[in-house]
Amino acid sequence: MKFMKTLAAATLVMAAPAFAQEQLAIATGGTGGVYYPMGGGLAEIINNHVEGYAATAEVTGASVENMGLIATGDADVALGLADTVFQGYSGTGRFEGQQLPMLRAMGVAYANMVQIVTLEGSGITSLKDMVGKRISIGAPGSGTEINAEQILSANGISYDDIDEQRLNFNETADALANGDIDAGFWSVGAPTSSILNLATTNKIVLIELGEEEMAAAAAANPVFAVTSLAGGTYVGVDADTPVIGVPNVLVVSSEMPDDLAYLITSAMYENIAELQAVHPAANQTTVDLALSASPIPLHPGAIRYFEEKGATVPDKLRP
């Protein structure tokens, strides 16, 4: 949906049949991650509960690309990792020199888990073992790529030390299965289909970061938090595994009309069971998580909904 229309476009909209629906694009990620099913679930909620609008989930390169799509108006809602979203909003990191001050949060969907996977017998049991090996660091411009670089560099490993491969989730799983790489990074909600499928035909190993490695990563990125991937999430991985967690933000533009942002926010939270039925990561999609984990200001339409529900919105989240 384009918020700024020419007079001719506006005339066409006025002349459209009463049943015409405004199209909304939801920028997600690759089909092997969680963004795509979550975005599809949100699209269905909009289609079923927001009158006059029809939404579609779009496959994208994920976080970095998605922030650009919001800025240009080529997407109306997008998912993005909290650190990537903050970099876009503040014009830092990957967005140095191209600040995107129009970014606003509509909520926080869930927390990613940085899952580092290899196969049994690879000889890789720690980050240090990755030196000289073929490592997938995620799709170009994805949050996974950013998180992988942050974790590696915080622990003294640069891309010069590894043979880095920029593969999406499905490509990473296939490359591991085929012996084309030695390990891969996923920054995604758990469980994710690409690792689930890999684990059904191969004996996978999750590489656990040590306490010092965790601390170094957290010092490099303040949105990192230590969380735990429950044992049994994937076949063959029976023990709980400490992992780095990163919140995923639902992002819209400040140019989105307040009423529309309110309607989407309300529809999502009031019908959250429909999103949970699509993917269990949506069990984390709560008002409390939005207010505690958003790295950027909330859209006024979202604030209106949260306050109607009796929540106290921190001053730092007000535009």
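Visitor: Which residue with a positive phi follows helix H12?
Guide: This is a predicted model, in which local features need pLDDT of at least 70, side-chain atom pairs count only at pLDDT 80 or more, and totals for chains, interfaces and linings use all residues. Residues are numbered from 1 along each chain as its sequence is written, and side-chain values use heavy atoms, with hydrogens and water left out. Helices (H or I, at least four residues) and strands (E, at least two) are DSSP runs, numbered from the N terminus. With a positive phi near 90°, the residue that follows H12 is Gly310.

Visitor: Which residues of H12 are buried?
Guide: Buried means under 20% relative accessible area, exposed means over 50%, and partly exposed lies in between (1.4 Å probe, protein chains only). Within residues 300-308 of H12, the buried ones are Gly301, Ala302, Ile303, Tyr305 and Phe306.

Visitor: What do those buried residues of H12 pack against?
Guide: Contact here means heavy atoms within 4.5 Å. The buried side of H12 involves one strand, S4 (103-119). It also packs against two helices, H9 (258-270) and H11 (287-293).

Visitor: At what angle do the axes of H2 and H9 cross?
Guide: Two packed helices are described by the angle between their axes and the distance between the axes. Axes are lines fitted to C-alpha atoms, for helices over the stretch in contact, and angles run from 0 to 180 degrees between N-to-C directions. The axes of H2 (residues 35-49) and H9 come within 9 Å and cross at roughly 110°.

Visitor: Is H2 roughly parallel or roughly perpendicular to H9?
Guide: Angles under 35 degrees count as roughly parallel, over 145 as roughly antiparallel, 65 to 115 as roughly perpendicular and the rest as oblique. The crossing angle of roughly 110° therefore makes H2, relative to H9, roughly perpendicular.

Visitor: Which residues of H9 meet those of H2?
Guide: H2 contributes Leu42, Ile45, Ile46 and His49 to this contact. The residues they meet in H9 are Ile264, Ala267 and Met268.

Visitor: Which residues does Ala267 contact, apart from its neighbours within four places in sequence?
Guide: Ala267 is in helix H9 and counts as buried because its relative accessibility is 6%. With the sequence neighbours left aside, its contacts are Ile45, His49 and Val50.

Visitor: How far apart in space are Ala267 and Gly310?
Guide: In sequence the two are 43 residues apart. In space, C-alpha to C-alpha, the distance between Ala267 and Gly310 is 17 Å.

Visitor: How many of the residues of strand S3 are buried?
Guide: S3 covers residues 77-81, and both of its faces are covered. Val77, Leu79 and Leu81 are buried on one side, and Ala78 and Gly80 on the other. The number of buried residues in S3 is five of five.

Visitor: Which residue of S10 is the bridge partner of Ala78?
Guide: Two strands pair if DSSP finds at least two bridges between them. S1 (residues 22-27) runs parallel to S3 with two bridges, and Ala27 has Ala78 as its partner. S10 (residues 241-253) runs antiparallel to S3 with four bridges. In S10, the partner of Ala78 is Val251.

Visitor: How far from Asp83 is the nearest side chain of opposite charge?
Guide: Asp83 lies in helix H4 (residues 82-90). Lys and Arg count as positive and Asp and Glu as negative, while His and the chain ends are not counted. Asp83 is buried and has no salt bridge (a side-chain nitrogen of Lys or Arg within 4 Å of a carboxyl oxygen of Asp or Glu). The nearest opposite charge is Arg94, at 9.5 Å.

Visitor: Which residue does Arg94 meet in a salt bridge?
Guide: The N to O distance in this pair is 3.9 Å. The pair links distant parts of the chain, 51 residues apart, with Arg94 in the loop between H4 and S4 and its partner in helix H5 (residues 143-154). Arg94 counts as partly exposed at 35% relative accessibility, whereas the partner counts as buried at 6%. That partner is Glu145.

Visitor: What is the N to O distance between Glu307 and Arg318?
Guide: Their side chains meet in a salt bridge. Glu307 is in H12 and Arg318 in the segment after H12, eleven residues apart. Both are partly exposed, Glu307 at 38% and Arg318 at 34%. The N to O distance is 2.6 Å.
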